[in-house]
Amino acid sequence: KYSNNLSVNTINLKVSTTYKKNILSKNKAGEATSYLIVTGIEFQVLDFDKQNKFSFQDETKLTNISNKFELRNYENTIKNNFISSAIEKLILRIPEDK
């Protein structure tokens, strides 16, 4: 998706991700009613003389959905949107010439 076959430059990355889902509130029955999802990603650019690290983090509050399948799909959407956004930000921060 982010490659350019005409370019002679290639960039090697080391990528680390984190994902945490914490309960923010519970109902009287002790069931979770809302969550805080914390996603993080760190890109380490290995190709420059000086190694560069770019870190991005996001927090999203999520209300529990009784249908667990829909909840899981929504969480995956949150993750995928975050990753796409972080990649776009990384592309803007990497110099064109190595």
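This report walks through the fold, the surface and a handful of side-chain pairings of the protein shown above.

**Overall layout**

The model is predicted, and local features are taken from residues with pLDDT of at least 70. The protein contains one helix and three strands. Read from the N terminus on, these elements follow the order β-β-β-α. Of its 98 residues, 24% count as buried. The exposed surface comes to about 7,400 Å², with 47% of that supplied by carbon and sulfur atoms. As for how the chain meets itself, take the contacts between residues at least 6 apart in sequence: 55% of these join residues at least 24 apart.

**Strand E1 and its surroundings**

Strand E1 spans residues 13-26, and Ser25 lies in it. Ser25 is partly exposed because its relative accessibility is 28%, which falls between the 20% limit for buried and the 50% limit for exposed. Setting aside neighbours within four places in sequence, Ser25 is in contact with Glu31, Ala32, Thr33 and Ser34. Which side chains make polar contacts with the side chain of Ser25? One is the side chain of Thr33, at 2.7 Å, and another is that of Ser34, at 2.6 Å. A little further along, Tyr35 sits ten residues from Ser25 in the chain, with a C-alpha separation of 7.1 Å.

Val15 also has its place in strand E1. With a relative accessibility of 46%, Val15 counts as partly exposed. Together with Ile11 and Leu13, Val15 forms a nonpolar patch on the surface, and the three share about 220 Å² of accessible area.

**A salt bridge between helix and strand**

How many salt bridges does the count give? The count comes to one salt bridge. In it, the side chains of Glu75 and Lys21 meet at 2.6 Å, N to O. Glu75 belongs to helix H1 (residues 68-93) and Lys21 to strand E1, so the pair ties together parts of the protein that are 54 residues apart in sequence. Side chains of opposite charge can pair in this way when their charged atoms come close. Are the two partners buried or partly exposed? Glu75 counts as buried, at 10% relative accessibility, while Lys21 is partly exposed, with a relative accessible area of 31%.

**Strand E2 and the aromatic pair**

Strand E2 covers residues 32-45 and includes Thr39. Thr39 is buried, with a relative accessible area of 4%. Not counting residues up to four places away in sequence, Thr39 touches Thr18, Tyr19, Phe56, Gln57, Asp58 and Phe82. For one of these partners, Asp58, the C-alpha to C-alpha distance from Thr39 is 5.4 Å, across 19 residues of sequence.

Gln44 is another residue of strand E2. Gln44 is buried too, because its relative accessible area is 12%, under the 20% limit. Outside the stretch up to four places away in sequence, Gln44 touches Asn12, Leu13, Lys14, Gln51, Asn52 and Lys53.

A search of the whole structure turns up one aromatic pair. Phe43 and Phe56 form this pair in an edge-to-face arrangement, 6.2 Å centre to centre with 65° between the planes. The pair links distant parts of the chain, with Phe43 in strand E2 and Phe56 in strand E3 (residues 52-63), 13 residues apart. Phe43 counts as buried at 4% relative accessibility, and Phe56 is buried as well, with a relative accessible area of 10%. Phe56 is also among the residues that Thr39 touches.

**Side-by-side distances**

For quick reference while you look at the model, here are the side-chain pairings described above.

| Pair | Kind | Distance |
|---|---|---|
| Ser25 and Thr33 | polar contact | 2.7 Å |
| Ser25 and Ser34 | polar contact | 2.6 Å |
| Glu75 and Lys21 | salt bridge | 2.6 Å, N to O |
| Phe43 and Phe56 | aromatic pair, edge-to-face | 6.2 Å, centre to centre |

Conventions: Residues numbered from 1 in each chain as written. Predicted model: local features only at pLDDT ≥ 70, side-chain atom pairs only at ≥ 80, totals over all residues. Heavy atoms only, no water. Helix = DSSP H or I, 4+ residues; strand = E, 2+ residues; numbered from the N terminus. Buried < 20%, exposed > 50% of the residue type's maximum accessible area, 1.4 Å probe, protein only. Contact = heavy atoms within 4.5 Å. Polar contact = N/O pair within 3.5 Å; in protein donor to acceptor, adjacent residues only side chain to side chain. Areas by Shrake-Rupley, 256 points an atom, 1.4 Å probe, with all protein chains shown as cover. Patch = residues over 30% accessible without salt bridge, like charges linked within 9 Å, V, L, I, M, F, W, Y side chains within 5 Å. Salt bridge = Lys/Arg side-chain N within 4 Å of Asp/Glu carboxyl O. Phe/Tyr/Trp six-rings, centres within 6.5 Å; stacked < 30°, edge-to-face > 60°.
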